[in-house]
Amino acid sequence: MLDIRQDDLRGADVRALLAYHRGSMHAASPPGTVFALDLGGLEARDVTVWSAWDGTTLAGVAALRQVDHETGEIKSMRTHPAQLRRGVAAALLEHLIEQARARGWRRLSLETGSGPAFAAALALYRRRGFVEGQSFGGYADSPFNRFLHLPLA
């Protein structure tokens, strides 16, 4: 059973996973198409970060950003490489959806990439009911970037 808790981003293991996440995004994406937040961005007032733990082992991280009073955005969701295929991403996604509903948001959106490195994430989001749609929150459309949305109300 995973313990998902709000994170203050001070732990070395969480910071290392977030650095790994950004590095992986840059390695799998064309220049100028990565919008994963750095540590400073994740510490912003409109962002909340959670970490998922299996005992004392970090299993994953995820964050929500408030876009406006009706819309939230999933940011920087990543399963630790040693925890893949154990349901971590699905558990984090359910947690984010619950948090978005509790905040009264009407829609949860995300921006991600395309191609083989993003296939598993896209499949997870689509299984949960996210559908592809328009860009949002100041993102520019590109052939690489994908924008998915889940109505909550």
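Trainee: What radius of gyration does the protein chain have, and why would one call that compact or not compact?

Mentor: This is a predicted model. The protein chain has a radius of gyration of 14 Å, which agrees with the value near 15 Å for a compact globule of 153 residues.

Trainee: And what does the C-alpha trace span along its principal axes?

Mentor: The span is about 40 × 35 × 30 Å.

Trainee: How many helices and strands are there, and in which pattern?

Mentor: The chain has 4 helices and 7 strands. Along the sequence they follow β-α-α-β-β-β-α-β-α-β-β.

Trainee: Turning to strand β3, is it enclosed or open?

Mentor: Strand β3, residues 57-66, is largely enclosed by the rest of the structure, because 8 of its 10 residues are buried.

Trainee: Which strand pairs with β3 over 8 bridges?

Mentor: That is strand β2, residues 47-54, and the pairing is antiparallel. Within this pairing, A52 stands opposite G60 of β3. The hairpin of β2 and β3 has 2 residues between the strands, and G55 takes a positive phi near 70° there.

Trainee: What about β3 and β4?

Mentor: Strand β4, residues 71-79, pairs with β3 in the antiparallel sense over 6 bridges. These two strands form a hairpin with 4 residues between them, and A63 has K75 in β4 as its bridge partner.

Trainee: Changing topic, how far apart are the mean positions of the positive and negative charges?

Mentor: They lie 3 Å apart, for 18 positive and 16 negative charges.

Trainee: And what share of the exposed area comes from carbon and sulfur?

Mentor: Carbon and sulfur atoms supply 51% of the about 7900 Å² that the chain exposes.

Note on methods: Residues numbered from 1 in each chain as written. Predicted model: local features only at pLDDT ≥ 70, side-chain atom pairs only at ≥ 80, totals over all residues. Heavy atoms only, no water. Rg over C-alpha atoms; globule rule 2.2 N^0.38 Å. Areas by Shrake-Rupley, 256 points an atom, 1.4 Å probe, with all protein chains shown as cover. Lys, Arg positive; Asp, Glu negative; His and termini not counted. Charge placed at Lys NZ, Arg CZ, Asp CG, Glu CD. Buried < 20%, exposed > 50% of the residue type's maximum accessible area, 1.4 Å probe, protein only. Pairing = 2+ DSSP bridges.
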